[in-house]
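Thank you all for making time this morning. I would like to walk you through one structure, so please have the sequence and the coordinates open as I talk.

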Amino acid sequence: MSDLMLASASSADAAAGDELAALAHLLFARGQVLVLTGAGISTASGIPDYRDEDGVRRGRLPIQGAEFRASEAARKRYWARSMLGWPRLAQARPNAAHLAIAQLEAAGRVAGVLTQNVDGLHQQAGSRRVIELHGSIHAVRCLSCGTMHERAQVQEELERLNPALAHAEAAALPDGDAQLEPDADADFHVPPCGRCGGMLQPDVVFFGDGVPAARSAEAEQAVHACDAMLVVGSSLMVLSGFRFARMAAQAGKSLAAINRGLTRADPLLALKLAASAESVLPRLALLLLEGQRG
């Protein structure tokens, strides 16, 4: 490597270090930090995200909640794709970003996590105070009797009823979805609730549906109680996440982000690191925890 290249690398490292120190000071000098996460934090765990760096959605729109509940064909399409896509998501493991947030929470530097993700990776990493704004893909609810079922048990029933499709190859899509050929689900069998025979729905907030009122109130309380907010891996293009960042900014709390691309809250941010969460958060945790020990 030439002297010029070495100097450039050294300069870039110094600039990155300065940004990291500025982020640590902005957020953690003020007290309790609430972390708001999106799909970008889980891409390093092998889970695709919804949007590109300009915040533009990839692919076609997902099934809407009202459509799922009203249309048998929509339910067949959803569950056929989920049968193929969910096992990959279920095997995903927390990456360095999830682990760093859990470390910071354990050390008293992070008050909690608001996540737009349904993958459960924050809890797997050890985070204890997690509000899942959009629910969990690992649970299934009966819309008739309210019984909750483990998604793994529903998977066994899906595969039992649809052996011909159970092991088909399909490209992974966000949130346990998978790409399936048109009409491949025409003869698909959707299992009913084992208790009452009612309609099963994943315990997630579908597009077109709202975050449950009690969960929204819990999230609002967490925003009011924090001193600063760090957005990680989210473009915040969906209002259910953006409104909490806007709420924090309007309350005069420090607001920063770690995100590769555009976010809807860019005009509100005091500081933004355009980098991957798994590269920044472990270094941030190390900086803070070493300082705490010192």
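Let me begin with how the elements are named: helices, of at least four residues, and strands, of at least two, are DSSP runs numbered from the N terminus. In that scheme His-224 is found in helix H7, and I will come back to that helix more than once. Please keep in mind throughout that this is a predicted model.

As an overview, the protein has nine helices and 11 strands, and of its 294 residues 47% count as buried. If we take the contacts with a sequence separation of 6 or more, 73% of them are accounted for by residues 24 or more positions apart.

I will start in the interior. The largest nonpolar core has 29 residues, and those with the most contacts inside it are Leu-23, Leu-27, Phe-28, Leu-230, Leu-281 and Leu-284. Among the elements that give two or more residues to this core are helix H1 (3–28), strand E1 (33–37), helix H4 (96–106) and helix H9 (277–293), and the largest share, seven residues, comes from H9. To take one example, Leu-284 is in contact with Leu-20, Leu-23, Ala-24, Phe-28 and Leu-230, if we leave aside its neighbours within four places in sequence. Apart from this core lies another one, of 28 residues, which includes Leu-89, Val-154, Cys-193 and Phe-206.

Next, helix H4, which has some details at its ends. At the N-terminal end, Asn-95 acts as a cap, with a side-chain oxygen 2.8 Å from the backbone nitrogen of Ala-97. Along the helix, the buried residues are Ala-97, His-98, Ala-100, Ile-101, Ala-102, Leu-104 and Glu-105. Just after H4, Gly-108 takes a positive phi of about 80 degrees.

Helix H4 also leads us to the cavities. How many cavities of 30 Å³ or more does a search of the whole structure find? The search finds two, and I will describe the second largest, in which about 30 Å³ of space lies. Its lining is made up of Phe-28, Val-33, Val-35, Ile-101, Leu-104, Val-110, Leu-230 and Leu-281, and the elements that give two or more residues to that lining are E1 and H4. By class, the lining has eight nonpolar residues, with no polar and no charged ones.

From the cavities I turn to the pockets, where the second largest has a volume of about 170 Å³. It is lined by 13 residues, of which the closest to its centre are Leu-34, Ala-111, Gly-112, Arg-129 and Ala-222. Two or more lining residues come from each of strand E2 (110–115), strand E3 (130–132) and helix H7 (213–225), and E2 gives the most, with four residues. The lining of this pocket divides into nine nonpolar, two polar and two charged residues.

Strand E2 deserves a closer look through one of its residues, Leu-114. Is Leu-114 buried or exposed? Its relative accessible area is 0%, and since buried means under 20%, Leu-114 counts as buried. Not counting residues up to four places away in sequence, Leu-114 touches Leu-34, Val-35, Leu-36, Thr-37, Ile-131, Ala-219, Val-223 and Phe-244. With one of these, Ala-219, the separation along the chain is 105 residues, while the C-alpha atoms are separated by 7.0 Å.

That brings us back to helix H7, and to His-224. With the same kind of neighbours left out, up to four places away in sequence, His-224 touches Met-247 and Lys-253. Between His-224 and Phe-244, which are 20 residues apart in sequence, the C-alpha to C-alpha distance is 9.7 Å. Ala-225, also in helix H7, is exposed, because its relative accessible area of 56% is over the 50% cut-off. Ala-225 and Ala-248 are 23 residues apart in sequence and 9.9 Å apart in space, C-alpha to C-alpha.

My last point concerns backbone geometry. Most residues other than glycine have a negative phi. Leu-236, in the loop between E9 and helix H8 (239–250), has a positive phi, near 60 degrees. Leu-236 counts as buried, because its relative accessibility is 1%. I will stop there, and I am glad to take questions.

Notes
Residues are numbered from 1 along each chain as its sequence is written. This is a predicted model: local features need pLDDT of at least 70, side-chain atom pairs count only at pLDDT 80 or more; totals for chains, interfaces and linings use all residues. Side-chain values use heavy atoms; hydrogens and water are left out. On a 1 Å grid over the protein atoms alone, a cavity is a set of points where a 1.4 Å probe fits but cannot get out, and a pocket is an open set with protein on both sides within 12 Å along at least five of seven lines; lining residues have an atom within 4 Å of a point. Grid points are joined across faces, edges and corners, and a volume is the space filled by probe spheres set on the points. Ala, Val, Leu, Ile, Met, Phe, Trp, Tyr, Cys and Pro count as nonpolar, Asp, Glu, Lys and Arg as charged, and the others, Gly among them, as polar. A nonpolar core is a set of buried Ala, Val, Leu, Ile, Met, Phe, Trp, Tyr and Cys residues joined through side-chain atoms within 4.5 Å. Buried means under 20% relative accessible area, exposed over 50%, partly exposed in between (1.4 Å probe, protein chains only). Contact means heavy atoms within 4.5 Å. A polar contact is a pair of N or O atoms within 3.5 Å; within protein, one must be able to donate a hydrogen and the other to accept it, and residues adjacent in sequence count only if both atoms are side-chain atoms.
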